[in-house]
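Visitor: I should like to take a close look at a single strand and its surroundings. Please describe its pairing and its packing.

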Amino acid sequence: MMSAFLSLQSITRQWDGEGGVVNVSLDVEKGAFLSILGPSGCGKSTLLRLIAGLEHPQTGSIIMDGQDVTEQNASERHLSMVFQSYALFPHLNVTENIQFGLKVRKISKAERAERVAEAVEMTGLKGLELRKPAELSGGQRQRVALARASVSGHPLCLMDEPLSNLDAKLRHSVRRDIKALQRRLGLTVVYVTHDQSEAMSLSDQVALMNGGHLEQIGTPAELYNKPASLFAAEFIGEPPMAHLAGELLGLNDQIRVGIRPEFISMEMDARSADVSAQVTDIEFLGSGTRYNLDLPSTKGLTVTAPGEASIAMGEQVHISLPENKRLLFDAASGKIKKEPLQNYETNSRQTTVS
């Protein structure tokens with residue numbers, strides 16, 4: 001089995017016993033794109049700073065390309081970084097910003113020119129080489145930061161929420177640039193974001209953080225289809241997974257039943273439905289209409305139907321939750337249950353909200 005290019009082994013870094021990250025272990029293969037995802041304060045930026053060498057762990061070790069770099073400073077780790085704030089020199093033009101690190105490393109003028117020309121072409125900056133950062137749009141500035149990372153020649157690139165300062169349209173555009181650049185150069189990328197759509201669309205692997213701990217790591221499909229906990233189920237997906245009290249579906253009260261909204265359907269006849277609920281909000285999406293529903297002991301229950309709204313606010317609807325699409329979670333711990341559905345059945349009854 002091939003050893004990981006980057007390996008974090010039982011890493012802990014806290015301040016006075018609080019915050020930071022606790023006992024985090026993960027492996028990143030060479031050429032992979034890993035996103036560290038989670039809400040504010042979950043430890044994802046701390047983890048990136050530990051990888052970069054801007055912080056040092058209290059316990060655990062960091063291995064890069066077979067070498068223990070746990071105590072090395074950032075300048076010794078041979079990696080590049082792309083920051084949220086672009087981190088460009090305002091008095092230098094595009095070319096000078098891109099080649100700055102190469103000049104510091106005393107790379108020859110001819111090689112610098114060759115690398116910069118390739119990076120400018122690759123990031124769509126041709127014709128902007130002499131402009132200063134103040135003369136560039138936000139998307140162009142971020143492309144300069146990407147070009148600077150690409151010319152470094154370092155195999156590992158760390159990205160700290162690089163798209164958060166861009167508007168929605170630019171985020172989609174620069175997202176494609178990042179993925180194309182990573183594939184073309186064969187970079188190993190560790191990408192920090194709070195945006196699950198970025199993580200899911202860009203990554204080979206997603207590490208979901210929660211309160212300083214690694215909640216789950218896997219492919220985007222694994223996190224979406226097989227969440228390890230209710231936290232993962234709710235954080236991944238838009239809209240997130242709905243979950244109901246087990247007793248609403250004839251199961252015992254120690255179970256929460258999760259189901260993705262796309263598997264929920266409306267029924268004309270209450271007798272063929274699993275539950276009935278009240279419409280509390282209506283959102284027109286263009287391609288269809290999303291109905292948000294209210295049901296006791298339920299969170300995130302929505303159903304989408306084609307076309308414009310045909311159901312009024314406050315109206316009652318009957319919905320089906322296919323058994324083969326349900327996931328079972330422990331109500332106390334929130335962790336996924338792996339035993340068969342039948343193990344938790346008590347009685348079968350349909351629930352209605354009036």
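**Strand β7 and its neighbours**

Guide: Leu-79 has Leu-156 as its bridge partner in β7. The model is predicted, with local features requiring pLDDT of at least 70 and side-chain atom pairs pLDDT 80 or more, while totals for chains, interfaces and linings use all residues. Residues are numbered from 1 along each chain as its sequence is written, and side-chain values use heavy atoms, without hydrogens and water.

Helices (H or I, at least four residues) and strands (E, at least two) are DSSP runs, numbered from the N terminus; two strands pair if DSSP finds at least two bridges between them. Strand β6 (residues 79-82) pairs with β7 in the parallel sense over four bridges. Parallel pairing also links β7 to strand β8 (residues 188-193), through five bridges; here Leu-156 stands opposite Thr-188.

Because four of the five residues of β7 (residues 156-160) are buried, the strand is largely enclosed by the rest of the structure. Buried means under 20% relative accessible area, exposed over 50% and partly exposed in between (1.4 Å probe, protein chains only).

The largest nonpolar core (buried Ala, Val, Leu, Ile, Met, Phe, Trp, Tyr and Cys residues joined through side-chain atoms within 4.5 Å) has 32 residues, and Met-159 is among those with the most contacts inside it. At least two residues of this core come from each of α2, α3, α4, β7, α5 and β8, with α4 giving the most, six residues. Apart from this core lies another, of 28 residues, including Leu-158.
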